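This briefing sets out the main features of the structure shown below, grouped by topic. Please read it alongside the sequence and the 3D view.

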Amino acid sequence: MTDTTVIDIGQKALIVTLTVCAPILGVGLVIGLVISVFQAATQIHEASLTFIPKMVGIAVALIFFGPWMIQQIVSYTTNLLQSIPTLVR
């Protein structure tokens, strides 16, 4: 196994990780932004007002994107495990 192979595997792992995390982080970002604008407009600064909608939104996003996320991780892991014989020579 060469240095480029190790770097390639690490790069693919990072890409899969970022791809899988992006929907959840995006939902949290959008909800946080909407709540922040609401708090600034109404001058209500309650900590639970930010926390609870984010938790609900992320839970809904996990239900919606969960099967796709699992499929991506399983596909990457399967490809990695199947390529072990070609990597170790």
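Gln39 is part of helix H1 in this predicted model. With a relative accessibility of 10%, Gln39 falls under the 20% limit and therefore counts as buried. The side chain of Gln39 makes a polar contact of 3.4 Å with that of Thr50. The points below place this residue in its helix, and then the helix in the chain.

**Gln39 and the turn after H1**

- Leaving aside residues up to four places away in sequence, Gln39 touches Ile44, His45, Glu46, Leu49 and Thr50.
- Thr50 thus appears both among the residues that Gln39 touches and as the partner in the 3.4 Å side-chain polar contact.
- Gln43 comes after H1 and sits in the loop between H1 and H2.
- The phi angle of Gln43 is positive, at about 60°, although this residue is not a glycine.
- Gln43 has a relative accessible area of 66%, which is over the 50% limit, so it is classed as exposed.
- Gln39 is thus buried, whereas Gln43 is exposed.

**Helix H1**

- H1 covers residues 3–42, a run of 40 residues.
- At 1.5 Å a residue, H1 should span 58 Å, and the 56 Å between its end C-alpha atoms agrees with this.
- H1 nevertheless bends by about 40° at Ala22, and a proline, Pro23, follows within four residues.
- Pro23 is itself one of the buried residues of H1.
- The other buried positions in H1 are Val16, Val20, Ile24, Gly28, Ile31, Gly32, Ile35 and Gln39.
- The buried residues of H1 pack against helix H2, which covers residues 47–82.

**Exposed positions in H1 and distances along it**

- Asp3 lies in H1 and counts as exposed, because its relative accessibility of 63% is over 50%.
- Asp3 and Val20 are 17 residues apart in sequence, and their C-alpha atoms are 26 Å apart.
- Leu18 also has its place in H1, and its relative accessibility of 61% makes it exposed.
- From Leu18 to Gly32, 14 residues along the chain, the C-alpha separation is 20 Å.
- Of the residues in these two pairs, Val20 and Gly32 are listed as buried, while Asp3 is exposed and Leu18 is exposed.

**Helix H2**

- H2 bends by about 55° at Phe65, and a proline, Pro67, follows within four residues.
- The buried residues of H2 are Gly57, Ala61, Gly66, Met69 and Tyr76.
- These buried residues of H2 pack against H1, and the buried residues of H1 pack against H2.
- Val60 lies in H2 and is exposed, with a relative accessible area of 51%.
- Thr77 also belongs to H2, but at 35% relative accessibility it counts as partly exposed.

**Pairs far apart in sequence**

- Val60 and Val27 are separated by 33 residues in sequence, while their C-alpha atoms are 9.5 Å apart.
- Thr77 and Ala13 are separated by 64 residues along the chain, with 9.3 Å between their C-alpha atoms.
- Among contacts in the chain between residues at least 6 apart in sequence, 68% join residues at least 24 apart.

**The chain as a whole**

- The protein chain contains three helices and zero strands, and its pattern along the sequence is α-α-α.
- The radius of gyration is 19 Å, well over the 12 Å that the globule rule gives for 89 residues, so the chain is more spread out than a compact globule.
- The C-alpha trace spans about 65 × 25 × 15 Å along its principal axes.
- Buried residues account for 17% of the 89 residues.
- The accessible surface of the chain is about 6600 Å², and carbon and sulfur atoms contribute 75% of this area.

Note on methods. Residues are numbered from 1 along each chain as its sequence is written. This is a predicted model: local features need pLDDT of at least 70, side-chain atom pairs count only at pLDDT 80 or more; totals for chains, interfaces and linings use all residues. Side-chain values use heavy atoms; hydrogens and water are left out. The expected span of a helix is 1.5 Å times one less than its number of residues. The bend at a residue is the angle between axes fitted to the seven residues ending there and the seven starting there. Buried means under 20% relative accessible area, exposed over 50%, partly exposed in between (1.4 Å probe, protein chains only). Contact means heavy atoms within 4.5 Å. The radius of gyration is taken over C-alpha atoms; the globule rule is 2.2 Å times the number of residues to the power 0.38. Accessible areas come from the Shrake-Rupley method with a 1.4 Å probe; for residues, only the protein chains shown count as cover. A polar contact is a pair of N or O atoms within 3.5 Å; within protein, one must be able to donate a hydrogen and the other to accept it, and residues adjacent in sequence count only if both atoms are side-chain atoms.
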